[in-house]
Amino acid sequence: MEEFLPRIATGAGIGPALAEKGVGLMLGFLQSHAADGPVARMIEAIPGASELVAKYRGDDPEGGGLMGLGQQLMSEGLSMAKIAGLANETIACAKEHAGDELVDEVLNSVPGLPQFV
């Protein structure tokens with residue numbers, strides 16, 4: 001993931017440290033809320049993703065759901081537009097490593113998420 005974080009940060013228009021935390025939070029959210037098998041395969045396919053999830057998943061408030069993730073990211077100083085950019089760049093990176101079909105399966109397994117990404 002380290003090799004892709006600068007690209008994700010640039011594409012989202014945010015700093016590298018914030019991109020790292022944001023990607024970790026997003027992947028951690030997916031690990032908690034998406035279908036277990038597909039999300040595990042997706043995270044395994046992305047180099048360094050497991051480490052980011054381990055580092056930032058503990059920040060996930062219990063029961064926060066998608067709105068909780070949004071609030072966490074906004075509390076880090078991200079606007080809705082920056083969150084959308086970060087999500088789009090993260091999804092693009094995931095699709096490069098795990099494939100379109102698997103990433104779409106993961107995203108579609110989280111109720112309400114497809115309308116935001």
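Leaving out neighbours up to four places away in sequence, Gly28 makes contact with Val53 and Arg57, and this glycine belongs to helix α2. The model is a predicted one, and the chain it describes holds seven helices and zero strands. The points below start from Gly28 and then turn to the core, to helix α5 and to the chain as a whole.

**Surroundings of Gly28**
- Gly28 has a relative accessible area of 2% and is therefore classed as buried, since that term covers residues under 20%.
- In space, the C-alpha atoms of Gly28 and Ala49 lie 9.4 Å apart, while in sequence the two residues are separated by 21 residues.

**The nonpolar core**
- The largest nonpolar core comprises 39 residues, of which Met1, Val23, Leu30, Met42 and Leu86 touch the most other members.
- At least two residues of this core come from each of α1 (5-12), α2 (16-33), α3 (36-45), α4 (49-56), α5 (65-75), α6 (80-98) and α7 (100-108).
- When residues up to four places away in sequence are not counted, Val23 touches Met1, Leu5, Ile8, Leu52, Leu86 and Thr90; two of these partners, Met1 and Leu86, are also listed with Val23 among the core residues that touch the most other members.

**Helix α5 and the residue that follows**
- Within α5, the buried residues are Gly65, Gly68, Leu69, Gly70, Gln72 and Leu73.
- These buried residues of α5 pack against α2 and α6, and both of those helices, like α5 itself, supply at least two residues to the largest nonpolar core.
- Gly77, which comes just after α5, adopts a positive phi of about 100°.

**The chain as a whole**
- Read from the N terminus, the order of elements in the chain is α-α-α-α-α-α-α.
- A compact globule of 117 residues would be expected to have a radius of gyration near 13 Å, and because the chain has 13 Å, the value agrees with that expectation.
- Along the principal axes, the C-alpha atoms occupy a box of roughly 30 × 30 × 25 Å.
- Of the 117 residues in the chain, 43% count as buried, and the chain exposes about 5,900 Å², with carbon and sulfur atoms supplying 53% of that area.
- Among contacts between residues at least 6 apart in sequence, 73% link residues that are at least 24 apart.
- The chain carries 7 positive and 16 negative charges, and the mean positions of these two groups are 4 Å apart.

Note on methods
Residues numbered from 1 in each chain as written. Predicted model: local features only at pLDDT ≥ 70, side-chain atom pairs only at ≥ 80, totals over all residues. Heavy atoms only, no water. Helix = DSSP H or I, 4+ residues; strand = E, 2+ residues; numbered from the N terminus. Rg over C-alpha atoms; globule rule 2.2 N^0.38 Å. Buried < 20%, exposed > 50% of the residue type's maximum accessible area, 1.4 Å probe, protein only. Contact = heavy atoms within 4.5 Å. Areas by Shrake-Rupley, 256 points an atom, 1.4 Å probe, with all protein chains shown as cover. Lys, Arg positive; Asp, Glu negative; His and termini not counted. Charge placed at Lys NZ, Arg CZ, Asp CG, Glu CD. Core = buried A, V, L, I, M, F, W, Y, C linked by side-chain atoms within 4.5 Å.
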